[in-house]
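Here's a quick briefing to go with the structure you have open. Have a look around first, then use the notes as a tour.

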Amino acid sequence: MKAILNKGLRITGTAAAVSAMMLCGTMLSGCDDSKNWINDGVKLTVVEEGDLVTGKPYKIKADRQLQELSADHGEVTTVNPVTGENAAANEWFYVFSEENFTSYEMPDSAAQNEVNDSDEEKSSLKAFTETFHATLADGRTRKVNQDFAITDPLLPDQWHLWNIGQNPYGVTDPPLKKIDINVIPAWRVILPEEKKQIDGSGVYMAIYDSPVDINHEDLKDRVYDPGIPGTADLINTGLPLEILKKNAEFTHGTSVTGIAASSGMNKLGGRGVAFNANLTSFAKDNDETVILGTMLKMDHLNLVNASIGDDLVTYHIPAVWDLFEALYENNIAFIHAQGNEFKDGYDKEDKPYSLSNCLEFHTDCEFKQTDPKSRYPFIINVGALNSLGEKASYGSSGANLWVTGFGGEYGADKTLTFMSSSAAMVTTLSSYDPKEFEDPDKDSPWRTEDNKYYTNTMNGTSSAAPSVSGAAALAYQARPDMTVSELRYLLVKTARNDKVMPTLALTPLEEDDYFYDEKVTLDYGWQDNAAGYRFSNRYGFGVVDAEALVKAALECDNDPVCAGMKELPEKYVSANENPCAYTDDSKRLITCSFSDFKNDEGESLGKTELLVDALTYNVSGMNYLPEGIIESCELAASEEDEEETEHNVERKKAIFEAHALLELTAESQSGTKSLLKPLYANWDYGSGFNIPDDDDDDDDDDDDTPEGLTLEPMDLATSAFYQESLKEDPDKKYRLSFRSACQIDVDDLNENMHLTVYGRKK
């Protein structure tokens with residue numbers, strides 16, 4: 001399927017800004033309620049309204065016979081460029097040029113650090129005057145000047161969609177121009193067979209989050225009920241005001257949903273990335289096996305957005321893992337927020353055992369491969385970018401990261417006096433007057449009566465994930481039968497790295513460690529793997545680009561790599577005995593090497609070469625011995641008491657300290673390295689800290705953990721070796737190295753240690 005792009009003319013001279021407020025009916029100068037405009041004897045009428053941003057054509061009609069009609073800043077044609085419809089006599093189709101957005105320059109007065117609230121500054125973002133040139137039947141020409149505006153009044157505030165350096169938020173650091181998802185060109189892609197533009201139509205998305213306010217004015221038309229019996233307490237439950245009065249943070253799911261797919265061209269609020277997609281809300285306060293199982297019962301589900309996760313809650317539930325496997329096999333993408341604990345992982349109030357070494361060395365404070373949502377190898381984990389084009393200050397990193405979306409920062413939060421401020425995200429808030437609950441925007445200069453159902457304070461990887469989900473929904477519209485493997489590949493192929501976006505530049509982070517008394521690597525920065533893909537723990541493969549993603553999806557069949565991902569990958573597991581051994585006299589260093597790969601039928605890899613789609617290392621046999629370079633090793637190696645005792649409290653502290661000083665480094669056969677678990681990242685594994693509740697309503701105090709919860713297997717994933725080769729080679733092996741302040745029992749490690757590789761034969 002080939003795509004066609006609407007094209008037009010660049011604004012020249014002193015043309016006014018395009019970014020705007022509500023479309024005034026038919027774009028009358030002065031924005032009254034008339035459906036006509038008359039200028040110098042020529043009368044034009046809007047027959048069908050279009051959209052400036054997407055280039056949806058306006059159909060206009062003249063009151064008399066004209067030889068020709070043209071425009072300064074767009075194209076006027078007699079054939080609808082989307083549907084192919086021929087205009088009737090004295091009718092034309094008008095398309096506002098995409099270049100008017102890409103080349104737009106913000107007026108200096110409207111891009112200052114202060115909030116843009118003067119009439120002059122506001123008008124610079126609202127007004128656009130098009131000049132039409134009408135050639136009469138007798139050859140005379142007439143000009144018709146007309147005001148235009150964007151249909152969704154808050155879209156100009158959504159920097160993640162269209163970043164022109166606007167600052168209605170009152171932040172000290174305005175957005176950096178063009179740091180956005182590049183979705184306007186994607187919306188202008190035409191699917192000629194369907195005679196539609198890209199907007200998410202026909203795509204079904206589940207929002208796995210706090211209950212979504214399905215009555216919100218900008219969401220209610222997007223809500224889809226899959227009609228599954230017995231799910232009234234699980235699906236599309238809505239958000240009662242009583243809940244918000246108790247805790248305003250329950251607007252979270254509504255704000256997430258708005259970023260992904262709030263309605264567009266409805267003269268309300270802003271616009272979602274996939275503004276015509278279908279949405280189903282799944283309330284997260286239910287058993288995860290029930291939620292995932294219900295998703296699998298939906299007839300049309302394409303993808304799931306999960307802006308949720310567990311902080312320092314490491315566990316494994318086989319039934320949940322199997323359901324993620326089923327989602328993948330049914331081509332339902334699961335897009336997950338990586339987390340916001342880059343700094344906050346050290347938190348003595350909520351995480352009393354965590355250590356602060358990470359703050360000193362400016363590295364991630366929390367290891368994020370905890371629950372199955374973050375560890376399952378085919379889940380798309382998303383990091384966060386701010387409006388300045390840099391990793392968001394809070395954004396968790398990791399080897400399991402796939403791509404980066406748009407999360408923003410804290411906005412004009414006056415309590416954060418220790419740091420400069422940059423924009424958060426503008427999205428949906430609730431359908432209730434925020435005076436009825438704790439309004440997150442109450443102190444923001446952005447808040448007005450007109451935008452009371454919206455917020456400009458949403459942030460986090462919770463915001464970044466739905467921006468990626470929205471872009472993925474557009475790709476699903478372009479390629480309805482897209483597999484999850486294809487989507488993952490297309491995200492990698494089209495992501496923008498530091499070579500495309502200089503603001504993403506990184507340098508390897510090395511420090512002299514006083515525990516080990518040697519130089520250690522805390523971050524490798526950007527690296528090119530052996531397959532030619534550029535990866536970093538802080539951005540994954542880079543920042544999502546909606547236009548490039550949609551166009552690549554349309555061309556998947558012409559891309560041999562993409563076309564080869566229609567079938568599920570094969571799975572091979574290493575079977576060599578005792579893969580791990582100490583590599584130094586102090587027994588603080590261990591290296592595990594993997595070979596003898598076999599599939600589920602017991603067939604050896606042999607001479608076959610596999611291209612890696614995903615891989616995981618099972619580290620569930622990792623137990624400490626009493627010896628080491630820190631005093632707490634003996635406690636870390638001790639057994640846990642059955643009852644909560646002072647010993648258990650001290651044991652948790654000791655395990656946290658030992659884990660903070662644990663480093664896991666993976667290396668591929670090609671020599672690419674991946675920092676699987678960096679030094680100083682807090683991790684609760686095996687400590688017994690913060691075991692999750694079972695989410696049921698009974699009073700069973702004897703069994704308050706989810707059914708089937710275990711620590712085995714504990715598979716850890718890295719994305720860094722994507723599309724590299726796996727083959728049996730006695731001289732070159734995949735390896736995993738441990739550096740630990742406390743000795744690790746290598747015999748226990750060897751009982752479970754193996755490498756699982758998913759890939760396709762070369």
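At the start of H12, which backbone nitrogen does a side-chain oxygen of Asp545 reach? The backbone nitrogen is that of Glu547, and the oxygen of Asp545 comes to within 3.2 Å. Keep in mind that this is a predicted model. The stops below are helix H12, a helix pair, a small sheet and one loop residue.

**Helix H12**

- H12 runs over residues 546-554 and is mostly covered, with seven of its nine residues buried.
- Those buried residues are Ala546, Glu547, Leu549, Val550, Ala552, Ala553 and Leu554.
- So Glu547, whose backbone nitrogen takes the contact from Asp545, is itself one of the buried residues, as under 20% relative accessible area counts as buried.
- The cover over the buried residues includes three helices, H3 (184-187), H10 (461-478) and H11 (484-494), along with strand E10 (189-191).

**H5 against H10**

- H10 turns up again here: helix H5 (residues 252-261) packs with H10 at an angle of about 35°, and their axes are 7 Å apart.
- If you're checking the handedness on screen, the H5 and H10 crossing is right-handed.
- By class, the H5 contact with H10 has four nonpolar and five polar residues, and no charged ones.
- On the H5 side you'll find His252, Val256, Ile259 and Ala260, and they meet Ser462, Ser463, Pro466, Ser467 and Gly470 in H10.

**The three-stranded sheet**

- Three strands form an open sheet in the order E5-E8-E9, and the pairing is antiparallel.
- E5 (66-71) and E9 (141-148) are the edge strands; each has a single partner strand, so one side of each has no neighbour in the sheet.
- From one strand to the next, the twist averages 20°.
- E8 (residues 128-136) pairs with E9 over eight bridges, in the antiparallel sense.
- For a pair to click on, try Phe132, whose bridge partner in E9 is Val144.

**Asn236, a loop residue**

- Asn236 sits in the loop between strand E12 (204-209) and helix H4 (241-246).
- Is Asn236 buried or exposed? Its relative accessible area is 15%, so Asn236 is buried, the cut-off being under 20%.
- A polar atom of the Asn236 side chain lies 3.0 Å from the backbone oxygen of Tyr224.
- Leaving aside residues up to four places away in sequence, Asn236 touches Ile214, Val223, Tyr224, Asp225, Leu279, Thr280 and Ser281.
- Tyr224 therefore shows up twice around Asn236, in the polar contact and in the list of residues touched, where contact means heavy atoms within 4.5 Å.

Conventions. Residues numbered from 1 in each chain as written. Predicted model: local features only at pLDDT ≥ 70, side-chain atom pairs only at ≥ 80, totals over all residues. Heavy atoms only, no water. Buried < 20%, exposed > 50% of the residue type's maximum accessible area, 1.4 Å probe, protein only. Helix = DSSP H or I, 4+ residues; strand = E, 2+ residues; numbered from the N terminus. Polar contact = N/O pair within 3.5 Å; in protein donor to acceptor, adjacent residues only side chain to side chain. Axes fitted to C-alpha atoms, helices over the stretch in contact; angles between N-to-C directions. Left-handed = near helix turned anticlockwise from the far one by under 90°. Nonpolar A, V, L, I, M, F, W, Y, C, P; charged D, E, K, R; others polar. Pairing = 2+ DSSP bridges.
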